[in-house]
Amino acid sequence: SPWQPGPLPGPEPAVARRQRRRWDRRAAHWQGHVAANPGLSRSLASLLKEIGPGPLGRVVDLGAGSGQLSLALAPRADQVLAVDVSPQMAEELRRRAADAGIETIEVLVQPIESLALPPASVDLVVSHYALHHLRDADKQLVVAAARRWLRPGGRLVVGDLMLGRGASPEDRAVIAAKVRQLLRRGPAGVWRVAKNAARFTFRLQERPVPPETWAEFLRRAGFEAVGTRRVVQEAGLVWGTRS
């Protein structure tokens, strides 16, 4: 591969093994979930708008899943490296790319927090609704690594679940709106509220942070022209440029 990804730096973390099992189970039904979720579609559209038009060069998609973002960017890219921890998701992405006649996507099955690429070898690093599954320390490691991979002038653009733990009025409004939305579904919604409350309290599976925290991660890593924008309810964007 021209990307020459580096070797894994030691044993795979247990958190990565858990993520692999989870997403392998969901791979067969993920496209249906995406199609039925207008919030994900709006978030993806906002991310693509922020990336902007024109040729993209070499792109890395972190947590590519079944390829919503990779497939959208591939026609404008010289090459897309789609990285995901799940072999089943990766196989779904390969199938969709083949069906679309796209040959510029290379799929790599690997935990994104241990990905190693050559310095200054990438023009754009992107991620959509994946990085909130990482521990906060791993989020920062990935952001710092992305800056090393990028050429001068290259960009990191992330669209994700961006939500704090209720400390701000914005967070509390989003949480209240989500609770009301779920409760309108009846007993199934009540169960979802209880399950999500436990996940949120103990940061199980999903570990979102608010947009301002993401912006601070980028600034600490040395990115410039850092910006954020809330998209819909809990979804947000963050971006920055390597000088």
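**Close-ups of a predicted model**

Of the protein's 243 residues, 49% count as buried, where buried means under 20% relative accessible area, exposed means over 50%, and partly exposed lies in between (1.4 Å probe, protein chains only). This is a predicted model, so local features need pLDDT of at least 70 and side-chain atom pairs count only at pLDDT 80 or more, while totals for chains, interfaces and linings use all residues. Residues are numbered from 1 along each chain as its sequence is written, and side-chain values use heavy atoms, with hydrogens and water left out.

**View 1. The whole protein holds 8 helices and 7 strands.** Helices (H or I, at least four residues) and strands (E, at least two) are DSSP runs, numbered from the N terminus. Take the contacts between residues at least 6 apart in sequence: 72% of them join residues at least 24 apart. Contact here means heavy atoms within 4.5 Å.

**View 2. An open sheet is built from 7 strands, in the order β3-β2-β1-β4-β5-β7-β6.** The pairing is mixed, and two strands pair if DSSP finds at least two bridges between them. At the edges sit β3 (105-109) and β6 (224-232), each pairing on one side only. On average, neighbouring strands are turned by 15° against each other, direction ignored. Helix α5 (residues 136-149) packs on this sheet, where it touches β1 (57-62), β4 (122-128) and β5 (150-161). The direction of α5 makes about 150° with that of β5; axes are lines fitted to C-alpha atoms, for helices over the stretch in contact, and angles run from 0 to 180 degrees between N-to-C directions.

**View 3. Strand β1 has parallel partners on both sides, β2 and β4.** With 6 of its 6 residues buried, β1 is largely enclosed by the rest of the structure. Six bridges tie β1 to β2, and R58 stands opposite Q79 in β2. Towards β4 there are 4 bridges, with S127 in β4 as the bridge partner of L62. Helix α3 (residues 68-73) joins β1 and β2 in a right-handed β-α-β unit: with the strands pointing away from the viewer, the path from the first strand over the helix to the second runs clockwise. Moving on to the edge, β2 (residues 77-84) pairs with β3 in the parallel sense over 5 bridges, and V80 faces I105 of β3.

**View 4. Strand β7 (residues 235-241) runs antiparallel to β5 and to β6.** Here 6 of the 7 residues are buried, so β7 is largely enclosed by the rest of the structure. There are 7 bridges between β5 and β7, and L156 stands opposite G240. Another 6 bridges join β6 to β7, where T228 has V238 as its bridge partner. The hairpin of β6 and β7 has 2 residues between the strands, and Q233 takes a positive phi near 45°.

**View 5. Helix α8 (residues 211-221) has a buried side formed by P211, W214, A215, F217 and L218.** These residues cover an arc of only 155° around the axis, which puts them on the same side of α8; the arc is that of the directions from the helix axis to the C-beta atoms. They pack against α5, β5, β6 and β7. On the face turned away from the buried side are the exposed residues E212 and R220. Right after α8 comes G222, with a positive phi near 105°.
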